[in-house]
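Student: I have a new structure to look at. Can you walk me through the aromatic rings?
Tutor: Sure, let's open it up.
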Amino acid sequence: MKSYIVETKELKKYYKLGDNTVKALDGVNFTVKEHEFVSIIGKSGSGKSTLLHMLGGLDIPTSGDVYIGGKKLAGMTKEQLTIFRRRKVGFVFQNYNLIPDLNVYENIVLPIELDGKHIDNDFIMQILNFLQLNDKKEALPNTLSGGQQQRVAIARAIASKPTIILADEPTGNLDTVTSHDVIGLLKIIAKQFKQTIILITHDNDIAQMADRIVHIEDGKIVNERDL
């Protein structure tokens with residue numbers, strides 16, 4: 001039986017907007033098994049991005065708990081959360097977030113260098129070959145297509161061998177064909193490199209490519225189903 005690598009318990013995030021209280025998350029209980037690829041789908045303002053930020057330690061809940069790999073995030077200092085994110089979470093963002101002055105290889109290994117860890121070059125080359133980036137190793141981001149830049153971002157997310165990969169609307173800036181290619185790669189990566197991937201999207205076609213879809217509305221999980 002697979003253990004839960006991600007778990008939230010009665011997760012709430014409330015904030016004031018004028019005289020109103022916005023319930024961005026309203027008692028979310030959510031679990032992800034190890035090596036699972038889960039998509040969280042919902043409209044803008046549904047709470048999906050807030051949930052992703054909580055899972056990545058980027059935001060602090062009003063109440064409730066988040067566990068990643070059995071470790072409780074509540075009570076960590078800012079410094080501890082920074083180290084946790086660097087070592088345990090791989091992020092893939094819509095805007096790639098590549099450093100323009102660094103080449104592909106340097107962008108990929110930067111988080112590992114910041115952590116002072118040994119760079120597993122054999123593993124990096126395996127990722128580059130898998131993502132068809134081996135001939136782009138010394139290229140700067142601005143010479144790459146959007147799809148290639150997103151593959152570099154995926155490579156960077158995998159390189160540190162994190163506990164989970166969080167993908168925040170990773171196809172938002174890509175055309176339909178490239179979007180499906182990128183999500184297809186994420187799905188294969190989940191199996192090839194034994195990664196746990198949580199993807200948020202508003203696109204139902206993209207969501208359908210995961211192992212499981214979780215629907216969120218008004219800060220609550222309304223249904224979920226295996227595919």
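Tutor: One cut-off before we start. Buried means under 20% relative accessible area, exposed means over 50%, and partly exposed is in between. Also, this is a predicted model.

Student: Okay. Where does Phe-130 fall, buried or exposed?
Tutor: Phe-130 has a relative accessible area of 24%, so it counts as partly exposed.

Student: How many aromatic pairs are there in the whole structure?
Tutor: A search of the whole structure turns up three. One of them is Phe-91 with Phe-93, and it is stacked. The ring centres are 5.5 Å apart, with 10 degrees between the planes.

Student: And what about Phe-130 and Phe-193?
Tutor: Phe-130 and Phe-193 pair edge-to-face, at 5.5 Å centre to centre and 85 degrees between the planes.

Student: Which parts does that pair tie together?
Tutor: Phe-130 lies in helix α4, and Phe-193 is in the loop between α6 and β8, so the pair ties together parts 63 residues apart in sequence.

Student: Is Phe-193 buried or exposed?
Tutor: Phe-193 is buried, because its relative accessible area is 12%.

Student: Which rings make up the cluster?
Tutor: Ring pairs link Phe-123, Phe-130 and Phe-193.

Student: What lies over the face of Phe-123?
Tutor: Lys-161 does, at 4.7 Å from the ring centre.

Student: New topic. Which residues does the domain annotation cover?
Tutor: The unreviewed UniProt entry annotates residues 6-227 as "domain: ABC transporter". Over residues 6-227, the chain is 34% helix and 30% strand. The end C-alpha atoms of that stretch are 19 Å apart.

Key:
Residues are numbered from 1 along each chain as its sequence is written. This is a predicted model: local features need pLDDT of at least 70, side-chain atom pairs count only at pLDDT 80 or more; totals for chains, interfaces and linings use all residues. Side-chain values use heavy atoms; hydrogens and water are left out. UniProt positions are given in the numbering used here, feature names are shortened, and annotations may be inferred rather than shown by experiment. Helices (H or I, at least four residues) and strands (E, at least two) are DSSP runs, numbered from the N terminus. Rings of Phe, Tyr and Trp (its six-membered ring) pair if their centres lie within 6.5 Å; planes under 30 degrees apart count as stacked, over 60 as edge-to-face and the rest as tilted. Buried means under 20% relative accessible area, exposed over 50%, partly exposed in between (1.4 Å probe, protein chains only). A charge sits over a ring if NZ of Lys or CZ of Arg is within 6 Å of the ring centre and within 35 degrees of the ring normal.
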